[in-house]
Amino acid sequence: MQVITIVQTKGGSGKTTSAMLIASAALDAGRRVTLFDGDVNAQLGRWRDSFELAAWDAVKKPAWPEALTILSPPETVDDLLVLLEGEERRGVDMVVIDTRPGTHTDTEDFCLLSDLVLIPARPVFAEWEMTHRAVLWMDDLRASIAEGERFPAVRVLVMDAGAKIIDAATREGGMSLLPKRDQDVLMEILQLDHLDVIVPHSKILEQLGFHGPLGPAAAANARTPGGRLMAEAITRQIEVGRLLLAGIDEAVSV
Ligand SMILES: Nc1ncnc2c1ncn2[C@@H]1O[C@H](COP(=O)(O)OP(=O)(O)OP(=O)(O)O)[C@@H](O)[C@H]1O
Ligand SMILES: [Mg+2]
């Protein structure tokens, strides 16, 4: 069972969206997933409610996938460990813990019992400082534990990137089209340990509360006359999630 904690010192950086995207891709790959909402504002905890309440009009809304559970973390680390053991016993393959922004000790506890810590980062100048701070925070945490003790892999995830950024990162000569400040930030981020995937800015990802887990949403749209384009748009984001999963598998196995 893989345990992933998503952290950032800055709010609104795409933590919850990352958790939902990873969960969607993992479910689509046939894995059983449990999400923990470690944020006080419980945005992730309400994912199922917002999906159930969303008015899908012409498209028949699918059932919430039985293989996806969302829980609140218990009060103590010991209780969480017991809960995680239980999840593993009942066949859960992947656990994702979403956290609140900031360098809190409860978030550090989540990190220490994880296989991977993900730091979502928008590749923009205004947010770079906070990404850097999050990486340093994890360095400090690593330095604070006893030698030989297990520490998770830590990876930055480039999140919510506009088309220009994606061009710059992936296309020969694309970098020169970016303003210098954005070039510098992108280069800085790509020099950190990062997953080899860029999550694009996407309306589908912005509306994950509405769509729910993406696999069932794509299938439901594909079954509806006139829903094919939406199904394709959703499927493209599942593809991004699939790359993300591949990166996670690689990071965790090292
Ligand atoms: N790839 C993306 N495409 C479009 N919108 C995105 C993307 N990633 C994040 N967003 C939007 O940015 C906002 C913040 O994202 P999100 O809620 O995932 O961040 P967060 O780090 O969990 O925030 P908080 O610190 O408040 O918990 C949301 O409105 C979300 O829909
Ligand atoms: Mg959040």
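# A walk from strand β4 outwards

Start by selecting β4 (94-99), a strand that is mostly covered, with six of its six residues buried. Two terms in that sentence deserve a gloss. Helices (H or I, at least four residues) and strands (E, at least two) are DSSP runs, numbered from the N terminus. A residue is buried if 20 or more other C-beta atoms lie within 10 Å of its own, exposed if 12 or fewer, and partly exposed in between, with C-beta atoms placed from the backbone.

Before you click on, a word about what is on screen. This is a predicted model, in which local features need pLDDT of at least 70 and side-chain atom pairs count only at pLDDT 80 or more, while totals for chains, interfaces and linings use all residues. Residues are numbered from 1 along each chain as its sequence is written, and chains are lettered from A and ligands numbered from 1 in the order in which they are written.

**Stop 1: the two sides of β4**

Show the side chains of β4. Met94, Val96 and Asp98 point one way, Val95, Ile97 and Thr99 point the other way, and all of them are buried.

Now add the neighbours, β1 (2-6) and β2 (33-38). Two strands pair if DSSP finds at least two bridges between them. β1 runs parallel to β4, and five bridges link the pair. β2 is parallel to β4 as well, joined by six bridges. Which residue of β4 should you click to see both pairings? Try Asp98: Ile6 stands opposite this residue, and Asp98 is also the bridge partner of Asp37.

**Stop 2: across to β5 and β6**

Keep β1 on screen and select β5 (residues 116-121). β1 and β5 pair in the parallel sense, this time over three bridges, and Ile4 sits opposite Leu116. All six of the six residues in β5 are buried, so this strand is largely enclosed by the rest of the structure. Its side chains split too: Leu116, Leu118 and Pro120 go one way, and Val117, Ile119 and Ala121 go the other.

Next comes β6 (153-161). Six bridges join β5 to β6, and the two run parallel. Click Val117 in β5 and look for its bridge partner in β6, Val154.

**Stop 3: helix α3, inside and out**

Select α3 (residues 77-89). How far apart are the end C-alpha atoms of α3? They are 18 Å apart, which agrees with the 18 Å that its 13 residues should span at 1.5 Å a residue; the expected span is 1.5 Å times one less than the number of residues.

Colour the buried residues of α3: Leu80, Leu84 and Glu87. They cover an arc of only 60 degrees around the axis, which puts them on the same side of α3; the arc is that of the directions from the helix axis to the C-beta atoms. What covers them includes strands you have already met, β1, β2 and β4. The measure here is contact, with C-beta atoms, placed from the backbone, within 7 Å of each other.

Turn α3 around. The face away from the buried side carries exposed residues, among them Asp78, Leu81, Glu85 and Arg89. Asp78 counts as exposed because it has 9 other C-beta atoms within 10 Å. After the helix comes Gly91, with a positive phi near 90 degrees.

**Stop 4: two unusual loop residues**

Most residues other than glycine have a negative phi. Ala42, in the loop between β2 and α2 (47-53), has a positive phi of about 50 degrees although it is not a glycine. Ala42 is partly exposed, because it has 16 C-beta neighbours inside 10 Å.

Is Asp57, in the loop between α2 and β3 (68-71), buried or exposed? Asp57 is exposed, with 8 other C-beta atoms within 10 Å. Its phi is positive too, near 55 degrees.

**Stop 5: ligand 1**

Finish by selecting ligand 1 and the 18 residues around it, of which Gly11, Lys15, Thr16, Thr17 and Glu206 come nearest. A residue is near a molecule or strand if its C-beta atom, placed from the backbone, lies within 6 Å of it. The elements giving two or more residues to this shell are α1 (15-28), β6 and α8 (203-206), and α1 gives the most, with three.

Colour the shell by type and you get four nonpolar, 10 polar and four charged residues. Here Ala, Val, Leu, Ile, Met, Phe, Trp, Tyr, Cys and Pro count as nonpolar, Asp, Glu, Lys and Arg as charged, and the others, Gly among them, as polar.

Methods. Two residues are in contact if their C-beta atoms, placed from the backbone, lie within 7 Å.
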